[in-house]
Amino acid sequence: MFKNSQHKDLSYFDIRLKSEHKNTILVKGSEFDVDSVPVTGSVKISTKEDLHVRRVKLQLIGEYQAEYYERMSNGQVAGQVTERNCVLKVQWPNLLTSSEGELQYGDYGDSMVKMSKLDSHLKKSSRENSVTSLSQLDKNASNTSLADTPTKKRPSYSRAKSQGMLTSVKPTLFTIPKSGVDGTPYPSKTTGKSDLHSFLLPQGNYSMPFSIMLPANVSESVDCLPIAKLRYKLVCTVERGRLEKAYSAAKHVRIVRTLHPHSVNLTDSIEYGNTWPGKVEFSVSSPRKALALGTKMPIKLTIVPLVKGLSFKSMYAEVVQHNGTKGITGESPQFEAIINRQKLANEYTHFDEDHWVVKSHYRLPSSLKDVTQTCTLKNGIITVKHRVRVSIHIKNADGHVSELRANLPVHVFMSPKYGTITTRHYEIDQHHGLFTTAPDPDREDTVFHRKESQPPSEDESSSEDSYAADREEDNAPPVYQQHMFDMVYDQSSPRSPLEQLRVNGVKNALEGYFDIPLSKSGTSSPPLDLNVLSKVPSYEKALDDDSEGEEPAPNYINDDDLSRAFGSLNAKLSERSASMSDIQLNFPRKMKAALTTPPPRSPEGASPNTKHQFRLRFSHKHKPSR
C-alpha cells in the first residue's frame, strides 16, 4: 500500500492475500503430501474520481539470490559468486477481465533462469511452442493429403498490404456500469489486443480477485540464510494512457511449508548411545525428531559409570546448521554454523551407584535470523540440515573434566500453533523492484499471527502431547507408541470402564467426554475476557490489517463538495414545494375547504386520541311469558 501523496488519483491501492496468516501461504506437507498449492487474494483500489485505465496487471515472482565466496581445493578463496535468478513467475494479464493467472515459469520441469534474461527466455519458449504446434499441423496435413495428385505446385507467397494500427482495429472504451465493483468487472469480455482498449472506472471502491494453482513442488521461502535467499513478491501495475504514468504497488509474501500431521518425524524418537571404554556408557534421547521453532526440546541423559570416582558436572546443548546452495554457476561449498549454545538446567536428577539419569529441556531460537528451517528446495537450490549436539561434562577422580558428545539429527520446522516465529521485514523498492530492509533494518515480522486472547503456551509447547492435536484435526489414527501402556478393559468385571479407571488410580479419569462439568443452564460456555474485548488496537495494527471483510473507507469531501451537495438538495426541496402548491391550487373549492377546515373537537368524556365514535344499536326481542 502506498501513500496518497504519491498517486493523486487513488486514495487506496493494496494487494491482499487471502490467508489465515498475514502475507503467508501455508502448505501442510511436502510435494508428495499435497496436490497443488492454491493462491487467492484480491487487489483493492479506491478512486477519488473517474479514472481511465488500460489494464490492471498482476505478477507473482519468485526470486533466488546467492552471494558467497568460492573456495579452491586447498581452502583458499577463489572469488565471490553473485546470482539473481527467477524460479517462478505467474502473470494475470488483466484483472478487469479475468481472475485466473497463467504460470509462465516455474513448472515441474523448470529450474531457474537469470532475471535479466527472463523476458527473452519466455519469448523463446513461446516461439518454440508455436513452432511445435505448426509442425504438428503440417504433419497431420501431410498424412491426410491426396496420394493421387499428379503434380504439386509450390505455394505462392503474396505480401500483405500494411495498414495502420489505428485504422485496422478501432479502440474500444468499456465503461463500468456502477460505481465500485466487488469482483471481476468484465469476466466474459475477451479483448484480443488489450493495448487498444481501455476501461472507465467511476469513482468508488473496487476489489478485483485473483487465483492460481501453483505446482506441488513449489519452493518455500528462505529469508535469512547468509549465503542464499529465496523470496516471493506480488507486483500490481495499473496501466493508463501512453503519456500518463502507471500506478504500481508491491508486497512481499512468504510460502511456508510445515510438516504434515501424518509425518513420521512427529512420532519417531531419536537416541544416541556410545561407550567410553573403561569409563562410562551413556545415551542421549529425545521423544521427537521434529522440533518447532520457539519451543523446547526434551532431553534425557542416562549414564552408567564403569569406574569409581566419577561425578556429573554439567550439560550443554547447541544447534549445528549445515547449509549449501546450487545455482546456475555451480554448487557452493558446505557451510556450518553453531547456533544458540545453552547450559541445560538439571530439572530432574536421579543418581544411583549403577546408573545416573538427568532430564532437561533445550530452548530453540524463535527468530529465522538465528536459525533457518530444515529444507531441501526444488532441484537442490538450497539445502539446510540440522543436528543438536549435546556436550556432557564428567569430573574424574583426579579433578580434570572430560567431555562426552552426542549428535542428534533433528528436523526444525515452523508450526502455526506452537512457538512465536519472527523474521526480517522486507520492503520492495519501487524503482528497481529489489528486496530491501530500509528504512528500518531492525524491524521484524511475525510469521504466524494469532489472536491476543490465544497466546502460545510455554507448557503446551514443551509437553509430550503437543502435536497430537494436529493429528486429531485431520482424523488421523492414534499412534501405537503413545498407547502401548494403556489399561485394557476387563469385560468379566461388573464395573464400568470409568469405574475401572477410578479404581486403578488414573488421575484424568474424570476428564472424559461424559464427565465435562456443565453449568446450571446445562451448557458450558467459556468465560469472556473483558480485558481483551475492551482493548483498542493501535493505529498501525488496524491500518495493516488484512481481513477480507473490511473495505476501504469512503473518501472525505471538502467544503466545496459539501456546499454543492447542500445546494442541490435545497433546489430539489424547492421544486417539490412548488409542485405541491400547484396541486393545491388545482383542487376544487369543496376539497380545498375540506383540507383547510380544522378537525372537529371530540365530545366531553372521550379520550383525546379517539378519532371517530360509533354507536351500535341492537334490536331486543321480548321473551314470551310463561
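The protein contains nine helices and 29 strands. The model is a predicted one. Its 626 residues include a buried share of 37%. The surface exposed by the protein comes to about 40,800 Å². Carbon and sulfur atoms account for 52% of that area. Contacts were also sorted by separation in sequence. Among those between residues at least 6 apart, 70% link residues at least 24 apart.

One sheet was examined strand by strand. This sheet is open and has five strands, in the order 15-16-18-22-21. Its pairing is antiparallel. Strand 15, residues 270-276, lies at one edge, and strand 21 is the other edge strand. Each of these two pairs on one side only. From one strand to the next, the twist averages 15 degrees.

Strand 22 takes part in two of the pairings described here. Strand 18 covers residues 296-305 and strand 22 covers residues 356-363. The two run antiparallel and are joined by eight bridges. Within this pairing, I299 stands opposite S360 of strand 22. I303 has W356 as its bridge partner in strand 22. Strand 21, residues 348-351, is joined to strand 22 by four bridges. These two strands also run antiparallel. They form a hairpin, with four residues between them. Here H350 has V357 of strand 22 as its bridge partner. In a regular strand, side chains alternate between the two faces of the sheet.

M297 offers a view of the surroundings of strand 18. This residue belongs to strand 18. M297 counts as buried because its relative accessibility is 0%, under the 20% cut-off. Beyond its neighbours within four places in sequence, M297 contacts ten residues that can be listed by position. I270, S286 and L291 are among them. S360, H361, Y362 and L364 are also in contact with M297. V388, L408 and V410 complete the list. M297 and V388 are 91 residues apart in sequence. In space, their C-alpha atoms are 9.8 Å apart.

Aromatic rings were searched for across the whole structure, and six aromatic pairs were found. W92 and F210 form one edge-to-face pair. Their ring centres are 5.3 Å apart, and 70 degrees separate the planes. W92 lies in strand 6, residues 77-92, whereas F210 lies in strand 12, residues 204-215. The pair therefore ties together parts that are 118 residues apart in sequence. W92 has 0% relative accessibility and so counts as buried. F210 is buried too, with a relative accessible area of 2%.

F351 and W356 also form a pair, with ring centres 5.9 Å apart. Their planes stand at 65 degrees, so the pair is edge-to-face. The two residues differ in exposure. F351 has 42% relative accessibility and counts as partly exposed. W356 has a relative accessible area of 8% and is buried. F312 joins F351 and W356 in one aromatic cluster. W356 thus appears in two settings, since this cluster member is also the bridge partner of I303.Charged side chains were found over two of the rings. The charged end of K279 sits over the ring of W276, 5.6 Å from its centre. The charged end of K359 sits over the ring of Y348, at 5.3 Å from the centre of that ring.

T258 lies in another part of the fold, in strand 14, residues 247-258. With a relative accessibility of 8%, T258 counts as buried. Its contacts, leaving aside neighbours within four places in sequence, fall at several positions. L26, V27, K28 and G29 are among them. F413, M414, S415 and P416 are likewise in contact with T258.

Conventions:
Residues numbered from 1 in each chain as written. Predicted model: local features only at pLDDT ≥ 70, side-chain atom pairs only at ≥ 80, totals over all residues. Heavy atoms only, no water. Pairing = 2+ DSSP bridges. Buried < 20%, exposed > 50% of the residue type's maximum accessible area, 1.4 Å probe, protein only. Contact = heavy atoms within 4.5 Å. Areas by Shrake-Rupley, 256 points an atom, 1.4 Å probe, with all protein chains shown as cover. Axes fitted to C-alpha atoms, helices over the stretch in contact; angles between N-to-C directions. Phe/Tyr/Trp six-rings, centres within 6.5 Å; stacked < 30°, edge-to-face > 60°. Lys NZ or Arg CZ within 6 Å of the ring centre and 35° of its normal.
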